[in-house]
Structures are given as C-alpha cells and as structure tokens.
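Colleague: I would like to go through this model with you, element by element. Please keep the answers short.

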Amino acid sequence: MERTITYHIDSAAAGLRIEQYLRRRGYSYQNLTQLKKMHESILLNGVWSYMRASVQDGDILTVHIQEPESSPHIPPVSLPLDIVYEDEDIVVVNKPAGMPIHPSLNNYENSLANGLMYYYQEQGKPFIFRCTNRLDRDTSGLTVVAKHMVSSSILSGMGVRHEITREYLAVVRGVLKPSEGTIDAPIGRTGSSMIERKIDFENGERAVTHYRAIKEQNGHSLVSLILETGRTHQIRVHMKYIGRPLVGDYLYNPDMEYITRQALHSYRLAFAHPITEEKMEFTAPLPEDMRRILTG
C-alpha cells in the first residue's frame, strides 16, 4: 500500500524535531526506522528532510508511506466480504462465524486474510495483513484491519491503552443474577492444552469483563459484554466462571441444542481514527443463528 499523510504544524508543535512530532502522533520507533529507509518519505514544505529537522508554526509535513510488497504465505482467495467501512488507513469488516482471521494448517484458504488479499489484488494494490482485534474463528462480527504500518502501530497502541471500546453480544441459558456487573478474574493456560484457558488466580493474567443482561427470551438471556482487557477466550472463560457459559461453545459448554458455535458476536467497535483522530463507531446486527435461539 502507498499512503500520503499531510500534517499542518501549529504553534503547539513549533520547535519539535520531525521525529518527535511523529512520535507524539503515535508513530512507533519501528515506523520511524522504516520510513528512513523509504525514498523521500519525509517532506517538509515539499522538500525532502531528515527526521532531525525542526518544524515551525505553519509548516506542512508530508509523510509518504511506501509498502510495495504483500504478505507472503497468504494466498489470495475470492471470498464474500461484508465491508462495513473503508478509507485509506483502515478497513472494518463484519466477519461471519466459521471464518478464521489468519490462515492455518487446516484453514489455509478460507480466512479473512485470504479474502482481503484477493480484494486488494483485484485492485492492483499490495497488501500486508494487520488485524487489530482478532476474533475466534466461530465468533462473528466486527474487526478492524490496518491498511499500512502507521495505522497498525497507532491502533495497537490504542488497544494497549484500552482506548478501543469493544462490545460483544452473547447468548446464555437462564437468567443472569445479578443482571449486570464486572468479572475481574485472571486467566491462564490449562497446562494440558495450547488452546483452552481457565481462571487461574495464582499464575493467570488479569482479565476484566463488564456484563449487562439486555433481555430474557425462550429460556435464554442476551448479554452485552464490554472488554476492559483482551485475553484469549476471555468472554467464554469468564461467563463459564459465573455459571452462565455461552451456548454452543464446544470447548467450555458443548450445549448444541440451538446453535453449533459459541453464541458470541462482536457487535460494536468505537475508537478515534488512527490518522484523523475523528471519533468512529460501528455496529453489526445480531446474526440470524443467534436470533433464532431467543425466538425459539
């Protein structure tokens, strides 16, 4: 991908070196190192400049990102994609259940990465796959993919600082009591499995999930969950911990009467745009297989 980003320098940034200014905009040290290797990637008022040059009030700083290669080992495959939003920096996709994020040994050509690789190949654009909020294969819903190294770095930093709101919808059997609350319980590996996780107060990493029952119908509850941390299988493990595991979860609750995958959907994403800093919010409706559980 190629991307040209223009910054208008104001008095608050006057006197900073270009590298200092870009660091304040969220560029990583790795981003700066990569930009130094690109041809005329930094222009100050239209003139190629070094990172150590200073900016002044009224200056125009231009960053030209050049990534001519695509991700290796991800074959492009024509797959249906539900693209919710796209611009020069990010693409937000409503991923169906059953689609992995990345290719793997048994899912080499049916992942979101394969589909996006084909999508951009058809446009004649090189593409490096960088997913910000990774979903399990059988979790449906919204995920945001960065289209170049800078948006990826900034979104990753926002994720670490908990600046991306991630709201999920899940279906569980029975009634939640209390109807809302916070689960603060550390999660670790089981020891016997590379995949499965468990609550582990001795060696686990802190994990926090906020939940709220939205409605009860057909003997089930629709639950809103907002992640404060992002541990592997966090929602699935936390809901099992409070005695209300997700229906259809083959790993933690093989209750397949109504659905054959964990009833979990990435419903809402909200964050500041990594380049423009504009507030962004996206939602994806509850998929049909989860709606059927509630309607019977």
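What follows is a set of questions and answers on helices, strands and the core.

Modeller: A note before we start: this is a predicted model, where local features need pLDDT of at least 70, side-chain atom pairs count only at pLDDT 80 or more, and totals for chains, interfaces and linings use all residues. Residues are numbered from 1 along each chain as its sequence is written, and side-chain values use heavy atoms, with hydrogens and water left out.

Colleague: How are helix α2 and helix α4 oriented to each other?

Modeller: Helices here are DSSP runs of H or I with at least four residues, strands are runs of E with at least two, and both are numbered from the N terminus. The axes of α2 (residues 29-36) and α4 (residues 149-160) come within 10 Å and cross at roughly 170°. Axes are lines fitted to C-alpha atoms, for helices over the stretch in contact, and angles run from 0 to 180 degrees between N-to-C directions. Angles over 145 degrees count as roughly antiparallel, so α2 is, relative to α4, roughly antiparallel.

Colleague: Which residues of α4 does α2 meet?

Modeller: Contact means heavy atoms within 4.5 Å. From α2 come Asn31, Gln34 and Leu35; on the α4 side they meet Met149, Val150 and Ser153.

Colleague: Which residue of β4 stands opposite Ile5?

Modeller: Two strands pair if DSSP finds at least two bridges between them. Strand β1 (residues 2-8) and β4 run antiparallel, joined by seven bridges. Opposite Ile5 in β4 stands Val63.

Colleague: And what is the bridge partner of Leu43 in β4?

Modeller: Strand β2 (residues 42-44) pairs with β4 in the antiparallel sense, over three bridges. In β4, the partner of Leu43 is Thr62.

Colleague: Which helix or strand gives the most to the largest nonpolar core?

Modeller: A nonpolar core is a set of buried Ala, Val, Leu, Ile, Met, Phe, Trp, Tyr and Cys residues joined through side-chain atoms within 4.5 Å. The largest has 36 residues, and those with the most contacts inside it are Leu22, Tyr27, Leu35, Leu61 and Phe271. With five residues, the element giving the most to this core is α4.

Colleague: Is Tyr267 buried, partly exposed or exposed?

Modeller: Tyr267 lies in strand β15 (residues 264-272). Buried means under 20% relative accessible area, exposed over 50%, partly exposed in between (1.4 Å probe, protein chains only). Tyr267 has 26% relative accessibility, so Tyr267 counts as partly exposed.

Terms used
Angles under 35 degrees count as roughly parallel, over 145 as roughly antiparallel, 65 to 115 as roughly perpendicular and the rest as oblique.
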